[in-house]
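Hi,

Here is the structure I promised to send over. Have a look, and my notes follow underneath.

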Amino acid sequence: MTSSIQDVFTHIENNQQLFVKRLAEWVSVRSVSSQPELRGEVLRMVQMTAQHIERLGGAVEMVDIGTETLADGSKLALPPVILAEIGRDPAKKTVCVYGHLDVQPAQLEDGWDSDPFTLTHRNGKLYGRGATDDKGPVLSWLNCIESFQAVSKALPVNVKLCLEGMEESGSIGLGELIAERGKSFFGNVDCVCISDSYWLGTQTPCLTFGLRGLCYFEIEVQCAQRDLHSGVYGGSVHEAMTDLTQILASLVDSSGRILVPGIYKSVKPLSEMEAQLCANVDFSPEEYRLEIGATTLQQHTKEDILNHRWHLPSLSIHGIEGAFSELGQKTVIPSRVVGKFSIRTVPNMEPDEVERQVKDYVAQTFSELRSPNRFRITMPVGSQAWVADSTHPNYTAGRNAMRRVFGVEPNLIRDGCSIPVTLDFARHTALNVLLLSLGACDDGAHSQNEKFNLSNYMNGMKVMASYLEELSLVLPKE
Ligand SMILES: [Zn+2]
């Protein structure tokens, strides 16, 4: 008699202790991609994972993607990308799973309640850097595959893995690799699944089918060769900070409306189906407000809030480089300041057009100041929004799997964040991408006390197992 998916579930349940121990091993590796001195740890994490996949019988290729140039001009080798295959049955469909093995920086002194690189179990939560973003979910795939093998149940589909170690540093080199292998490694893939996103709340599971893009701007204003004493020079100098704050204040009004002319023109109007999906989502504005700790939000109804987070652009002012920001009353006139802001973009907004609109408007605002100061605006990052076809069988498989494990219909949501690799898949392959979210909204990815709920970890492995089985049933046969 062949084993059933229920046997796989039982194996997962019986091995909770082992799976938690493994996650602790993974979290203990300080694979911070943005700190050059820790590059060896990223490499070690990639190698550990490759060996793990080989133990599962997978064929692993470690792809060299070259070097990165650091700010000081020196070169540093990038960690290789893992391209692996588990199962090569031509009679079966093939899913490609993407994930990342690097993490954001973390130190106990940042305000963690326990060492970020020692997985700590408190109240059903597993605390540690990378627990939810993205080591937990990547390890869940491997544990899930192992569980099929342990109960002698054949994998319902072939699994290809694309795992990188530079996601938190802009996925350098990955887009080129996906383009290069579009017809080879990714050639026989039927669909892609990524578990690197979060539920809208803490209870209802979610599938994510859209992300906003990001256009990041820097405005530099310089008024002198060195910082000046305001008592000595104040009153005689066209101050850079004064120019900059006036420009920043002209970008957005207090209700959140972006003041750059034309910026809303190409925003795709909401379709009836999108409005319906939004209306169906289980989301409490009050819970959301409390989670943020704000007294009042800019919108008040569920539909309005979600619309502004998912379907409309937003502009945020992030900071000013070169400005005085310490405690006390330093009476300085900063000589050079760089204001930083970004626009989260939505479908049909093209980064080139956004760049032109913003640059024209800011240049016009600056000229009206009649300032003699040196002025420059650049857009170092410009990425598009992404929306997948949520009626694709890939999504049916994800929905069925969530329903089976959680007993409820998952929320089909969009997210206001950006995951660059989804665009790379969209641009270089024609594959449908599903974001199968495992983490809860309060997991604190990138933040202090990042955690993964033990229940999300355990149920997540079952969702993945069920998803692989569902894929073999719903993907169209040739
Ligand atoms: Zn991530």
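A definition first: donors here are N, O and S atoms within 2.8 Å of the metal (3.2 Å for Na, K and Ca), and water is not among the atoms, so sites may look incomplete. Keep in mind that this is a predicted model, where local features need pLDDT of at least 70 and side-chain atom pairs pLDDT 80 or more, while totals for chains, interfaces and linings use all residues. Numbering starts from 1 along each chain as its sequence is written, and side-chain values use heavy atoms, with hydrogens and water left out.

Now the metal. His100 (NE2), Asp133 (OD) and Asp196 (OD, listed twice) coordinate the zinc ion at 1.9 to 2.7 Å. Along the chain these donors are spaced H-x32-D-x62-D. His100 sits in strand 5 (residues 94-100) and Asp133 in the loop between strand 7 (125-127) and helix 4 (135-150), so the two tie together parts 33 residues apart in sequence. (Strands are DSSP runs of E, at least two residues; helices are runs of H or I, at least four; both are numbered from the N terminus.) His100 is buried, at 0% relative accessible area, and Asp133 is buried too, at 5%. Buried means under 20%, exposed over 50% and partly exposed in between, with a 1.4 Å probe and protein chains only.

Elsewhere, there is a helix pair to look at. Helix 2 (residues 16-27) packs against helix 14 (residues 454-474), with axes 11 Å apart and an angle of about 110°. The contact (heavy atoms within 4.5 Å) includes Phe19 of helix 2 and Tyr457 of helix 14.

Cheers

Definitions and conventions:
Axes are lines fitted to C-alpha atoms, for helices over the stretch in contact, and angles run from 0 to 180 degrees between N-to-C directions.
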